[in-house]
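Colleague: I have some questions about this model before I go back to the bench. Please keep the answers short.

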Amino acid sequence: MSAATTRSRTPDRLCAEAIDLARSAAEEAAAPGVVGEHTGMVSEGDRVVTHYFACKELGYRGWRWAVTVARASRARVVTVDEAVLMPGPDALLAPEWVPWSERLRPGDLGPGDLLPTDAEDPRLEPGWSGEDEPPPNSAVLAGPADVVDAEDAEVTAVPPAELPVVPARGTIAALAEELGLRRARVLSRYGLRLAAERWEESFGPRTPMAQSAPAACDSCGFLVPVGGSLGQAFGICANEFSPADGRVVSLAYGCGGHSEAAVMPKTPQPAPPVIDENRVDPFPLRPSPDSGSVPAEEDDTTTDLGHS
């Protein structure tokens, strides 16, 4: 270890004793009454010392005022270099700043809010541009000028979105209009995959509802098919009693509201009454003599006892 390093780690005596000077500098930079007790000092180099004072400012727990003092070589006067408020080892710090585009979560967009899309958003890619050389992801064949005569098609000079009127049916521009390619950008493969993963997580085959369902949505009559490549794996539920009503569901999803899950039993009809028209049932108008509990004829035993 060199002698210069040893001297730099030993606080200068005059700078170390200049606590009152450092406190005055901190109180001048801070609001009145927020500079606390002296908490320590550290040697920054030859004849350079930093004094630390506790900060009593509300909301700055663990922060401290740092005042650096120094003196010139062979000088007896100590001067102030700077006074700043710095966080200590256990200071309460604000969380790391995150851009708004990364803080945004599904459902945060409300009425009147605008969500600008980045020009380099990987979820999107350019739509049909109408150029002679369409982009690789376009549905228009390469070299459209070579097949104009064969297909009797019209290649417009400008993109379809810039046309004053809707092109005539049968043209490439009309086909782009029908397929939805007049948009400036369309979903890329990455955007399609993100949407598929998000929808399958909510209404996919691994959800508890699908695990207990009697059958999958691909055989349900309430499933409304969707177009495009996503239609191979997803549809829209149209069962008002299903938890996924109006939602995009995986074809492997299912619920208890499946159209073929059960057939409602018919209401049982009572059997018609059976009437025997070949038999006559007698209905006496008076009771039979022997129908009571007391016999109609007198008994000798009851006569002897005086009973009537």
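**Pocket, patch and a strand residue**

Modeller: This is a predicted model. α4 and α7 (189-202) each supply at least two residues to the lining of the largest pocket.

Colleague: Which helix gives the largest share of the lining of the largest pocket?

Modeller: The lining comprises 20 residues. Both α4 and α7 contribute at least two residues each. The largest share, 4 residues, comes from α7.

Colleague: What is the volume of the largest pocket?

Modeller: Among the lining residues, Ser101, Leu104, Leu115, Asp121 and Arg123 lie nearest the centre of the largest pocket. The volume of this pocket is about 700 Å³.

Colleague: Is Leu115 buried, partly exposed or exposed?

Modeller: Leu115 sits in the loop between α4 (100-103) and β5 (124-126). Buried would require under 20% relative accessible area, and exposed over 50%. The value for Leu115 is 41%, so Leu115 is partly exposed.

Colleague: How much accessible area does the nonpolar surface patch with Leu115 have together?

Modeller: A residue needs over 30% relative accessible area to count in a patch, and Leu115 has 41%. Its partners in the patch are Trp100, Leu104 and Leu109. Together the four have an accessible area of about 370 Å².

Colleague: Is Ser250 buried or exposed?

Modeller: Ser250 belongs to strand β9 (residues 248-250). Beyond its neighbours within four places in sequence, Ser250 contacts Glu200, Phe203, Gly204, Pro205, Cys217, Ala233 and Phe234. The cut-off for buried is under 20% relative accessible area. Ser250 has 4%, so Ser250 is buried.

Definitions and conventions:
Residues numbered from 1 in each chain as written. Predicted model: local features only at pLDDT ≥ 70, side-chain atom pairs only at ≥ 80, totals over all residues. Heavy atoms only, no water. Patch = residues over 30% accessible without salt bridge, like charges linked within 9 Å, V, L, I, M, F, W, Y side chains within 5 Å. Areas by Shrake-Rupley, 256 points an atom, 1.4 Å probe, with all protein chains shown as cover. Salt bridge = Lys/Arg side-chain N within 4 Å of Asp/Glu carboxyl O. Buried < 20%, exposed > 50% of the residue type's maximum accessible area, 1.4 Å probe, protein only. Contact = heavy atoms within 4.5 Å. 1 Å grid on protein atoms, 1.4 Å probe; cavity = no way out; pocket = protein on both sides within 12 Å on 5 of 7 lines; lining within 4 Å. Points joined across faces, edges and corners; volume = space filled by probe spheres on them.
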